[in-house]
Amino acid sequence: MEYFENVISGNSDKFDEQDKVLRSPAIRRRILVTGGAGFLGSHLCELLLEAGHEVICADNFSTGLRRNIESLTRFNGFSLVDHDIIEPIDVEVDEIYNLACPASPPHYQADPIHTTKTCVLGSLNMLELAARNGARILQASTSEVYGDPQVHPQVEGYWGNVNPFGPRSCYDEGKRCAETLFFDFHKTRQVEIKVVRIFNTYGPRMRPDDGRVVSNFIVQALKGEDITIFGDGSQTRSFCFVDDLIDGFIRMMASPTSLTGPINFGNPTEFTIAALAEQVIELTGSRSKIVHRPLPVDDPRQRRPDISLAERELGWRPKVELAAGLVHTISHFDALLAQANELMEVA
Ligand code: NAD
Ligand code: UDP
């Protein structure tokens, strides 16, 4: 209880100390991470394993990469199941992080029906598993549930402005329906749920062909290719570095049962896409030039999380500024591209 009083009173040093205790493996848990081979999932698996927990990673490798989890085989507690969550799975677990779902627009639009199935049937299967095991379950929901928001910044109480049959709907409506299932399992079957709404997050281990804006701009800048701004670049997003987000996940999972969410996790500093392009060019020292391409249908105009709930209830606030996070991400892609070039030379 004192732990949360410190959070609420903003006593962050003490909070950090107690947070370490809370995460320590005094109780070693068996944790299922769906989508564990993806960008966010692989960082989460690593942190949980480092804390001494047992981790089962379930992934269908549609967008996930084996190289993201290769280094995790050094932990005895790590195991991998090649599994599509639209099918039920039976494992004994104490906690579930449900992250499986393609997150980048080109990837989730490539097979929209499978995306909806992943969100809806996948969540249903994971909730049934949680109910059978009496496990806590965290859902990776998204700022996309706010659609093209008419309330700015976005608070959790805002219901959103979402097109039910546009190109983004398989993802947006899929994730909205997943939230519905989570809250109905909580109400009718007493499942302990944690619903987190993630705003644009970036960092090492994104795929070079992920298609989202940060990875696109960095890869284009490093290769000296044109940087493609969709539309005039005045639309905004708020970019959160991966380490900050994963810290939020862990705090949320450890929070009292009564804190179900939905809760926003994102960096509240808002940038235009044009400003992001300038920053990437500056940090990479690239000679790439900016070109404009048509704005995709239903592309949201603005995005910024109101994170007061996460600050008040979890003492969570992102620490990594955009420039610092971009530098880390640029080195990741730099190393990846150098490796690819070496392979080309050998071939
Ligand atoms: P990602 O594409 O890198 O990872 C998704 C992972 O899920 C991949 O490993 C993929 O192979 C796996 N997967 C997809 N469908 C599956 C299925 N049916 N069964 C099993 N595995 C499946 O994306 P990410 O950025 O790591 O996103 C992870 C989660 O966080 C997703 O649920 C996404 O919707 C959510 N999210 C991410 C962001 C972000 O900015 N990164 C923002 C909002 C929400
Ligand atoms: N975007 C862009 N160039 C790109 C990729 C994306 O200008 O090469 C824009 C996109 O139109 C959107 C913003 O960047 O306005 C963020 O796109 P992303 O796909 O990263 O995330 P989301 O739209 O899902 O927030």
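This text walks through a predicted model, starting with its two ligands and ending with some details of the backbone.

Ligand 1 comes first. Around ligand 1 there are 30 residues, and those that come nearest are Asp-59, Thr-63, Tyr-171, Lys-175 and Thr-201. Sorted by class, this shell holds 13 nonpolar, 13 polar and 4 charged residues. Several backbone atoms lie close enough to ligand 1 to count as polar contacts, for which the cut-off is 3.5 Å. A backbone N or O atom of Gly-38 is 3.0 Å from an oxygen atom of the ligand. A polar backbone atom of Thr-201 is 2.8 Å from an oxygen atom of ligand 1, and a polar backbone atom of Ile-85 is 3.0 Å from a nitrogen atom of ligand 1. On its own, ligand 1 has 820 Å² of accessible area, and the protein covers 97% of it. Four elements give two or more residues each to this shell: helix 3 (39–50), helix 6 (112–133), strand 5 (136–142) and helix 7 (169–189). Strand 5 gives the most, with 3 residues.

Ligand 2 can be read in the same way. It is surrounded by 18 residues, of which Val-213, Thr-228, Phe-230, Arg-237 and Asp-299 are the closest. The shell around ligand 2 divides into 7 nonpolar, 5 polar and 6 charged residues. Here the polar contacts listed come from side chains. An N or O atom in the side chain of Asp-299 is 2.5 Å from an oxygen atom of ligand 2. For the side chain of Glu-144, the distance from an N or O atom to an oxygen atom of the ligand is 3.0 Å. A polar side-chain atom of Arg-168 is also 3.0 Å from an oxygen atom of ligand 2. Taken alone, the ligand exposes 520 Å², and the protein buries 96% of that. Helix 8 (213–223) and strand 8 (227–230) each supply at least two residues of the shell.

Helix 7 has already appeared beside ligand 1. How far apart should the ends of its 21 residues be? At 1.5 Å a residue, helix 7 should span 30 Å, and its end C-alpha atoms are 28 Å apart, which agrees. Many of its residues are buried, among them Tyr-171, Lys-175, Ala-178, Phe-182 and Phe-185. An α-helix has 3.6 residues a turn, so residues three or four places apart point the same way. The cover over the buried residues of helix 7 includes helix 5 (105–110), helix 6, strand 5 and strand 6 (193–198).

Helix 6 contains Asn-133. Is this residue buried, partly exposed or exposed? Asn-133 counts as partly exposed, because its relative accessibility is 26%, which falls between the limits of 20% and 50%. A polar atom of its side chain lies 2.9 Å from the backbone oxygen of Leu-129. Apart from neighbours within four places in sequence, Asn-133 is in contact with Val-91, Glu-92 and Val-93. Asn-133 and Glu-95 are 38 residues apart along the chain, but their C-alpha atoms are separated by 8.9 Å.

His-332 belongs to helix 12 (residues 322–346). It is buried, because its relative accessible area is 18% and the limit is 20%. Leaving aside neighbours within four places in sequence, His-332 is in contact with Pro-204, Arg-205 and Met-206. A polar atom of the His-332 side chain lies 3.4 Å from the backbone oxygen of Met-206.

The last stop is the backbone. Most residues other than glycine have a negative phi, and most peptide bonds are trans. Phe-61 is not a glycine, yet its phi is positive, about 60°. Phe-61 lies in the loop between strand 2 (54–59) and helix 4 (66–69), and at 16% relative accessibility it counts as buried. Gln-190 also has a positive phi, near 55°. This residue follows helix 7, in the loop that leads to strand 6. Gln-190 is exposed, with a relative accessible area of 58%.

Two peptide bonds are cis. One runs from His-152 to Pro-153, with omega near -10°, and Pro-153 lies in the loop between strand 5 and helix 7. Another runs from Gly-261 to Pro-262, with omega near 0°. Pro-262 is in the loop between helix 9 (242–253) and strand 11 (263–265).

Note on methods: Residues numbered from 1 in each chain as written. Chains lettered and ligands numbered in written order. Predicted model: local features only at pLDDT ≥ 70, side-chain atom pairs only at ≥ 80, totals over all residues. Heavy atoms only, no water. Near = heavy atom within 4 Å. Polar contact = N/O pair within 3.5 Å; in protein donor to acceptor, adjacent residues only side chain to side chain. Areas by Shrake-Rupley, 256 points an atom, 1.4 Å probe, with all protein chains shown as cover. Nonpolar A, V, L, I, M, F, W, Y, C, P; charged D, E, K, R; others polar. Buried < 20%, exposed > 50% of the residue type's maximum accessible area, 1.4 Å probe, protein only. Contact = heavy atoms within 4.5 Å. Expected span 1.5 Å × (residues − 1).
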